[in-house]
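User: I should like to work through this model by question and answer. Please reason briefly each time and finish on the value or name requested.

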Amino acid sequence: MPKAVSSLKTRLVLAALAWVAVAIPIGGGGLMLSFRDTLADSFDERLTSLLGILMGSAEIAPSGDIVLARPLGDPRFEQVYSGWYWSISHNQRNVLRSRSLWDQELAAQTGPVSATPRLRTVQDALGKRLRVAEQTVDLPGITVPVTFAISGDLASLQADARDFNRLLWLSLVALGAGLVLAILAQVSFGLRPLRKVTANIERVRMGAVQTLEATGTRELDTLVEEINTLLDQNRNTLERARSNAADLAHALKTPLSVIRSAMSAEKRDDLLQVEAMQRIIDRHLARAASAGPRRGVTTPVQPVVAALVRGMSKIHSERALVFETQIEDGAIFAGDAEDLEEMLGNLIDNACKWARTRVTVTTRLQRQELQIEIEDDGPGIPREQQALGIERGQRFDESTPGTGLGLAIVSDLATLYGGALALDSSPLGGLRARLQLPASAAQPA
Amino acid sequence: MRVLVAEDEPNLAARIAARLTTAGFAVDMAHDGRQAHFLGDTEAYDAVVLDLGLPQQDGLSVLEQWRASGHKVPVLVLTARSRWHEKLAGFNAGADDYLVKPFEMEEVVVRLRALIRRSTGHATSTLQCGPLRLDLNAGMFELNDEPLELTAQEHRILSYLMHHQGKVVSRTELAEHVYDRDSERDSNVIDVLISRIRRKVGARLIATIRGRGFMLSNAPASAGP
């Protein structure tokens, strides 16, 4: 298994760095070698041209001796032991030599007479590495061939090469650093649309928006379109399931109403059957219509409670009930709005039915958990029945017909979300229903 | 008291209408959303029974349109959808109460009477005017604690006057709230009915205000010239 690279950005940067790390030394090395060759060639060329000047300046005096008509212009030939020497010799003897040679001799090798100079590198008695150009020619009026030799100090060549190399590597390092910065900039610019998509997906997950925004890059927008199609399908499937369940309920309930109204009150057993059917429909409808937990769907509690309290005030307008709600700002249910409406609707309605004057709704946030308490100041229910309720939501419909079904539905829904419904006695005197639900960590956008 | 029943299932609609007629209401029926909207817009009803699942125009939008154009008639919503989401949608659209199907017919009568009573500003379920008492739960009149025998039309007129006691009610208004749409409306008949009621409850309670109409009150002196 290859070790996973942490991110696209790291991958791109690492690949580019490897490329830079290989290319720059190879390029630098090549440049260095070729520059050294060029320097050596131009050194040789200079020596050769100086040799030509030397040969051109040599004349045969009437005495038969070789003399130099003009001195070579370069002052280095006058500096003692400068490494820049010349000599003219025949019969293995220096006839003439530069002043710089002082007491030394430039050991010339007599070769065959030729039209081009011979080049070689020697070490002189002082340890200097010299480049020597020499040429053996026939001079008119002299019987033996004469060898002209001229030398230059290679140290100057090496100094030039060193200077160049230092400059070369400095600029290569600068180039490398520049490339790394450019790569970082390029990668982050190139990956910006991807980051945008990631941020967008996060917003969809949180439920802040329904679809992803296009990024303006062709490759990513294909992906964005596909994701949007999937999101749409997901939503439509849920909507269809819900409306199917609701339509089925509607379709069943209207004939059920007719049957019920047609029955005489004496047929008590038959009426009970109709009521049982109604309960079954309600209970299963509640479960089927529930969205269930889905990632990223969140519902703030406050507006739902406010809408329910408005509705309850109408339903129970005879009673002049006082509603007290204390909903924390951060109370956000990690689930679907309709499911929260269903749970709170049943609990608050139940509290209203039993309350004398007061119904309270309070939330408490504990890390990942949202606690909603609904209390009333009515007569409450006995402890044994509360215990039954905590153990099995199903028992409610049998123990307290009429109000029980609502509590069973709430318990079903809460369980679906990994929460729970618990009942106990309220300090107000009536029932306290405590709903535990998953809280959303995120704030709604 | 006159009500509109908007329900598309004919069997259920007929049963509701029959029960309401028995309870003393004048009943009009609408079988789809458009008809319901038109009737609610043009006729004077004391209450409406509105099914949310109407064809052509659903009940919610009918209700929203009524409220948007300022109709304050109390509306009892009938729905097959028992989820709170739908109930809240109903209340947000302007419903005053709801009943989830299937329901007891008696429940419709009780809720309607309560809605009408509240909409006319009465807090208790018994309306009293001197010796005359209307028990809204039973829908019965009593005079000096004795049951009072009234015909259906007399009952409606007296009931309307009872709900609006202390106010002048015109003949047209009475006719509008006492007859259903199919009846012949003749305001002379109203005068005949009023005099019959006067004979039963005593002339003192119902005053004739010339050129304006009638007023039910427990004023000590006989009103009107």
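User: Is B:Asn144 buried or exposed?
Analyst: The model is a predicted one. A residue counts as exposed if 12 or fewer other C-beta atoms lie within 10 Å of its own. B:Asn144 has 11 C-beta neighbours inside 10 Å, so its class is exposed.

User: Where is B:Asn144 found, and what is its phi?
Analyst: B:Asn144 belongs to the loop between E8 and E9 of chain B. Although B:Asn144 is not a glycine, its phi is positive, at about 50°.

User: Which residue other than glycine has a positive phi near 65°?
Analyst: The residue lies in the loop between E8 and E9 of chain B. It is exposed, with 7 other C-beta atoms within 10 Å. The residue with this phi is B:Asp145.

User: What is the order of the strands in the open sheet of 4 strands in chain B?
Analyst: The pairing in this sheet is antiparallel. Strand E6 (126–129) and strand E9 (146–147) of chain B each have a single partner strand, so one side of each lacks a neighbour in the sheet and both stand at the edges. The order is E6-E7-E8-E9.

User: Which residue of E8(B) is the bridge partner of B:Arg133?
Analyst: Strand E7 (residues 132–135) and strand E8 (residues 140–143) of chain B run antiparallel and are joined by 4 bridges. In E8(B), the partner of B:Arg133 is B:Glu142.

User: What angle does the direction of helix H6 of chain B make with that of E6(B)?
Analyst: Helix H6 (residues 152–163) packs on the sheet and touches E6, E7 and E8 of chain B. Its direction and that of E6(B) make an angle of about 85°.

User: How many of the residues of E3(B) are buried?
Analyst: From E3(B), B:Ala47, B:Val49 and B:Asp51 point one way, while B:Val48 and B:Leu50 point the other way. The residues on both sides are buried. E3(B) is therefore largely enclosed by the rest of the structure, its buried residues numbering 5 of the 5.

User: Which residue of E3(B) is the bridge partner of B:Ala6?
Analyst: Strands of a sheet can pair in either the parallel or the antiparallel sense. E1(B) and E3(B) pair in the parallel sense, over 4 bridges. In E3(B), the partner of B:Ala6 is B:Leu50.

User: Which residue of E4(B) stands opposite B:Val48?
Analyst: E3(B) and E4(B) run parallel and are joined by 4 bridges. Opposite B:Val48, in E4(B), stands B:Val75.

User: Which residues touch the most other members of the largest nonpolar core?
Analyst: This core has 64 residues, and its largest share, 6 residues, comes from helix H5 (residues 105–119) of chain B. Leaving aside residues up to four places away in sequence, B:Val49 touches several residues, including B:Ile16, B:Leu76 and B:Leu112. The members that touch the most others are B:Val3, B:Val48, B:Val49 and B:Leu50.

User: How many residues are in the second, separate core?
Analyst: Among the members of this core are A:Ala334, A:Ala355, A:Ile409 and A:Leu435. The number of residues in the core is 46.

User: Within what arc do the buried residues of H3(B) fall?
Analyst: The buried residues of helix H3 (residues 59–68) of chain B are B:Gly59, B:Leu60, B:Val62, B:Leu63 and B:Trp66. They pack against strand E1 (2–6), helix H2 (33–42), strand E3 (47–51), strand E4 (75–79) and H4 of chain B. Seen down the axis of H3(B), the buried residues line one face of the helix, because they fall within an arc of 160°.

User: Which element supplies the largest share of the side of chain B that touches chain A?
Analyst: In this contact, 22 residues of chain B meet 26 residues of chain A. The residues on the chain B side divide into 9 nonpolar, 4 polar and 9 charged. Helix H1 (10–22), helix H4 (84–93) and H5 of chain B each supply at least two of them. The largest share, 5 residues, comes from H4(B).

User: What percentage of the residues in chain A is buried?
Analyst: Chain A contains 10 helices and 14 strands. Among its contacts between residues at least 6 apart in sequence, 61% join residues at least 24 apart. Of the 445 residues in chain A, the buried share is 28%.

Key. Residues are numbered from 1 along each chain as its sequence is written. Chains are lettered from A and ligands numbered from 1 in the order in which they are written. This is a predicted model: local features need pLDDT of at least 70, side-chain atom pairs count only at pLDDT 80 or more; totals for chains, interfaces and linings use all residues. A nonpolar core is a set of buried Ala, Val, Leu, Ile, Met, Phe, Trp, Tyr and Cys residues joined through C-beta atoms within 7 Å. A residue is buried if 20 or more other C-beta atoms lie within 10 Å of its own, exposed if 12 or fewer, and partly exposed in between; C-beta atoms are placed from the backbone. Helices (H or I, at least four residues) and strands (E, at least two) are DSSP runs, numbered from the N terminus. Two residues are in contact if their C-beta atoms, placed from the backbone, lie within 7 Å. Ala, Val, Leu, Ile, Met, Phe, Trp, Tyr, Cys and Pro count as nonpolar, Asp, Glu, Lys and Arg as charged, and the others, Gly among them, as polar. The arc is that of the directions from the helix axis to the C-beta atoms. Two strands pair if DSSP finds at least two bridges between them. Axes are lines fitted to C-alpha atoms, for helices over the stretch in contact, and angles run from 0 to 180 degrees between N-to-C directions.
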